[in-house]
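Colleague: I am new to this model and would like a close look at a single part of it, followed by how that part sits among its surroundings. Could you choose one and take me through it step by step?

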Amino acid sequence: ILGYPVVSATHHIASFKNISGGDISLYKKLSIENNVDNKSSPAFIWGCLDDPVVHSDNGFILAQAYKKAKVPFEYHLFESCNGIHGLSICEKETLYINDTVKTWIQLSKKWLKNRGFILK
């Protein structure tokens, strides 16, 4: 389950600069969308269109890579996180309540159950 994932160096340069030690030649190799193949694990991906930190194109790019590799995935892009990054479970405990985005939890549970996981 990938929530507002940072996957592509083209859309989150600061993170890739940190993990590559600034070695630009590693960006393509470290960008997850370049590493999805038919052996990749299925993925549940979600994000918000107006996330101020992680550009929503990261999720689109990853979903396209999964589709191209014919690996099962589910992708949800919520219209608004009210300009807040780091919603987590969207409850009071994590400081940001968002009833719409919070549906990612039930959607992911249903997706896992449909994939054969036993949920308690």
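Modeller: Packing is judged here by contact, meaning heavy atoms within 4.5 Å, and the part I choose is helix 3, where helices (H or I, at least four residues) and strands (E, at least two) are DSSP runs numbered from the N terminus. This is a predicted model, in which local features need pLDDT of at least 70 and side-chain atom pairs count only at pLDDT 80 or more, while totals for chains, interfaces and linings use all residues. Residues are numbered from 1 along each chain as its sequence is written, and side-chain values use heavy atoms, with hydrogens and water left out.

The protein chain has four helices and three strands, and, read from the N terminus, its elements follow the order β-α-α-β-α-β-α. Helix 3 covers residues 57-69, and because its 13 residues at 1.5 Å a residue should span 18 Å, the 18 Å between its end C-alpha atoms agrees with expectation (the rule multiplies 1.5 Å by one less than the number of residues). Just after helix 3 comes Lys-70, which has a positive phi, near 60 degrees.

As for the side that is covered, the buried residues of helix 3 (under 20% relative accessible area, with a 1.4 Å probe and protein chains only) are Asn-58, Gly-59, Ile-61, Leu-62, Ala-63, Ala-65, Tyr-66 and Ala-69. What these buried residues of helix 3 pack against is strand 1 (2-3), strand 2 (43-48) and strand 3 (73-78).

Turning to the surroundings, the largest nonpolar core (buried Ala, Val, Leu, Ile, Met, Phe, Trp, Tyr and Cys residues joined through side-chain atoms within 4.5 Å) has twelve residues, among them Phe-44, Trp-46, Cys-48 and Phe-78. Strand 2 and helix 4 (103-114) each supply at least two residues of this core, and helix 4 gives the most to it, with four residues. Apart from this core lies another, of eleven residues, which include Leu-62 and Ala-69 together with Val-36 and Ile-45. In soluble globular proteins, nonpolar side chains tend to be buried together.

One residue of the largest core, Trp-46, deserves a closer look: leaving aside residues up to four places away in sequence, Trp-46 touches Leu-2, Gly-3, Tyr-4, Pro-5, His-76, Phe-78, Ser-88, Val-101 and Trp-104. For the protein chain as a whole, residues 24 or more positions apart account for 62% of the contacts with a separation of 6 or more, and 35% of its 120 residues count as buried. Along its principal axes, the C-alpha trace of the protein chain spans about 40 × 35 × 25 Å.

How values were computed: Buried < 20%, exposed > 50% of the residue type's maximum accessible area, 1.4 Å probe, protein only.
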